[in-house]
Amino acid sequence: MDNYFTLPRVIHALREMGVGVVGTSHFRKGWPPKNLCAITQQQAKFNNFYWCIDDYGMLLGRWLDNGMVFCVSTAPKVGGMVERAIRRPRITVLDTKHVKDIWGNVGKKEINIPRFVNDYNHWMGEVDVSDHRIAYYHPNLCCCCI
C-alpha cells in the first residue's frame, strides 16, 4: 500500500481480515508515536532504520534514503540487511553530504539496505504506477450543498 491508503484503522482492519500490508505513509494526528516522529533528516544517518511497534501491533519505521521515508507493516519483523546495487541518487540540499560520502563520483554502488525496505521496493511496482496515475489524472471535483 502507499500513501493514499495507509490509515491506521484501515491497516488494522485489513490485518484483522488476514490481509497483510506493507507500504509508505504520512504522519497522522497522534500516529506514529512521538519518538518516531522526532527523528529528523538532519539527525538521521544514511541507511539507518528506526522503528517501533504501535498500539495496533504494526511495525512503523523511518529510513533515510534520498529523504526520510515513513513505512508501515502488519508483519512486525525488522529482519536483517540485504546487499543491493543502488544507483546514486540525485543530489539535493538535504542529502549532499551522504551522497558524496557514500557514492563519490560512482554511479552505482553495492550497499546494505534493510530487508524490510528491500521487500517493499521489490513488491511496490504497481502501487507506485497507481499513485502516478492518480496524481496525473486527479479530477477537479467541487462539492456543493443544494
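**Note on the four-stranded sheet and its setting**

1. In this predicted model, strand E2 and strand E3, the latter spanning residues 59–64, pair in the antiparallel sense over 5 bridges. Within this part of the model, tryptophan 51 stands opposite glycine 61, a residue of E3.

2. The pairing of E2 with E3 belongs to an open sheet of 4 strands, whose order is E1-E4-E3-E2 and whose pairing is antiparallel. At the edges lie strand E1 (22–24) and strand E2 (49–53), each of which pairs on one side only. From one strand to the next, the twist averages 20°. As background, the strands of a sheet pair through backbone hydrogen bonds, in either a parallel or an antiparallel manner.

3. Which strands does helix H4 touch where it packs on the sheet? Helix H4, made up of residues 115–123, touches E1, E2, E3 and strand E4 (68–73), and the direction of the helix makes about 90° with that of E1.

4. Turning to the protein as a whole, there are 5 helices and 6 strands, and the elements, read from the N terminus on, run α-β-α-β-β-β-β-α-β-α-α. Among contacts between residues at least 6 apart in sequence, 54% join residues that are at least 24 apart.

5. As for burial and surface, 34% of the 146 residues of the protein count as buried, while the area that the protein exposes comes to about 9,900 Å², of which carbon and sulfur atoms supply 56%.

Technical notes
Residues are numbered from 1 along each chain as its sequence is written. This is a predicted model: local features need pLDDT of at least 70, side-chain atom pairs count only at pLDDT 80 or more; totals for chains, interfaces and linings use all residues. Side-chain values use heavy atoms; hydrogens and water are left out. Two strands pair if DSSP finds at least two bridges between them. Helices (H or I, at least four residues) and strands (E, at least two) are DSSP runs, numbered from the N terminus. Axes are lines fitted to C-alpha atoms, for helices over the stretch in contact, and angles run from 0 to 180 degrees between N-to-C directions. Contact means heavy atoms within 4.5 Å. Buried means under 20% relative accessible area, exposed over 50%, partly exposed in between (1.4 Å probe, protein chains only). Accessible areas come from the Shrake-Rupley method with a 1.4 Å probe; for residues, only the protein chains shown count as cover.
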